[in-house]
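User: I am new to this structure and would like a close look at one part of it, the part built around aromatic side chains. Please take it slowly and set it in the context of the whole chain.
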Amino acid sequence: MKRITITLCAAALLFACNDEKSGEAKVASANTTDSTAPRSMPDSATMMKNWEAYMTPGQPHQMMARWNGTWTGEVTMWMAPGAPPSKSTSTSTNKMALGGRYQISEHKGNFNGMPFEGMSIVAYDNAKKVFISNWIDNMGTGMMVLEGPWNESTKTMELKGKMVDPGTGESLDVRETFREIDANTQIMEMFCNGPDGKEYKTMEIKYTRKK
């Protein structure tokens, strides 16, 4: 049933793309001043093969599945460069979703004495060859999206993106590293630009798997 659905969707996409090409060709012939060439589309068999490769979970997804379970976090935060750190604890629960294609994580803890809740969805994009992290929490109304590669030799993921500074409303560059120490220990570090424009470490969380 799944293969039939995929085939129908791929056929619909192929028809739409071919129809778009036909329309673009007609417009181009009617307007010779338009030098934009239509996209070159692969044949239907190649498109189907590419689509199946894109949707099939691979080794990076299997690696994420190993991180399933409940983890305790030792949280250290720095509110400004050189500021004394604040410490707290958190709990994270990870589980794979949609046939092992994404990992959904729920986080609970406290921030300045207030209850904190957050959620992340982590993907590995087979086409782009990068991890993508989407983060939301109850301390804001926006979404932080980061992406980056996995370094197998160091067991480290480095993700980059932007977030909104709630105090100023401005966009900030964000860098996050995630390192797998062993099967039961992970380290996450987050870096942002300070008032002087220089990057500084804002957070570190040491995750330990609950047994």
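How many aromatic pairs does a search of the whole structure find?

Analyst: The search finds five aromatic pairs in the whole structure, where rings of Phe, Tyr and Trp (for Trp, the six-membered ring) pair if their centres lie within 6.5 Å, and planes under 30 degrees apart count as stacked, over 60 as edge-to-face and the rest as tilted. One of these pairs joins Trp-67 and Trp-150, with 6.1 Å from centre to centre and 45° between the planes, which makes the pair tilted. Trp-67 lies in the loop between α3 (59-65) and β1 (69-77), while Trp-150 lies in strand β7 (residues 150-151), so the pair ties together parts that are 83 residues apart in sequence.

A word on the basis of these values is in order. This is a predicted model, in which local features need pLDDT of at least 70 and side-chain atom pairs count only at pLDDT 80 or more, although totals for chains, interfaces and linings use all residues. Residues are numbered from 1 along each chain as its sequence is written, and side-chain values use heavy atoms, with hydrogens and water left out.

Both tryptophans of the pair are buried, a term that means under 20% relative accessible area, with exposed meaning over 50% and partly exposed in between (1.4 Å probe, protein chains only). Trp-67 and Trp-150 also belong to one aromatic cluster together with Tyr-124, Phe-131 and Phe-178. Leaving aside residues up to four places away in sequence, Trp-67 touches Asn-94, Gln-103, Trp-150, Met-157, Phe-178, Glu-180, Gln-186 and Arg-209, where contact means heavy atoms within 4.5 Å.

The two tryptophans appear again in the largest nonpolar core, which has 24 residues and in which Met-64, Trp-67, Phe-131, Trp-150, Met-157 and Met-203 have the most contacts; such a core is a set of buried Ala, Val, Leu, Ile, Met, Phe, Trp, Tyr and Cys residues joined through side-chain atoms within 4.5 Å.

For the wider setting, the chain has three helices and 11 strands, these being DSSP runs numbered from the N terminus (helices H or I with at least four residues, strands E with at least two). Along the sequence they follow the pattern α-α-α-β-β-β-β-β-β-β-β-β-β-β. Of the 211 residues in the chain, 32% are buried, and residues 24 or more positions apart account for 35% of the contacts with a separation of 6 or more.

Charged side chains also link strands in this chain. The search of the whole structure finds seven salt bridges, each a side-chain nitrogen of Lys or Arg within 4 Å of a carboxyl oxygen of Asp or Glu. Arg-175 forms one with Glu-158, and their closest N and O atoms are 3.0 Å apart. Since Arg-175 lies in strand β9 (residues 171-182) and Glu-158 in strand β8 (residues 156-164), the pair ties together parts that are 17 residues apart in sequence. Arg-175 also meets Glu-199 in a salt bridge, at 2.8 Å from N to O, and this pair links distant parts of the chain, with Glu-199 in strand β11 (residues 199-209), 24 residues apart from Arg-175. Glu-158, Arg-175 and Glu-199 are thus named together as a network of salt bridges. Within that network Arg-175 is buried at 18% relative accessible area, whereas Glu-158 is partly exposed at 32% and Glu-199 is partly exposed at 42%.
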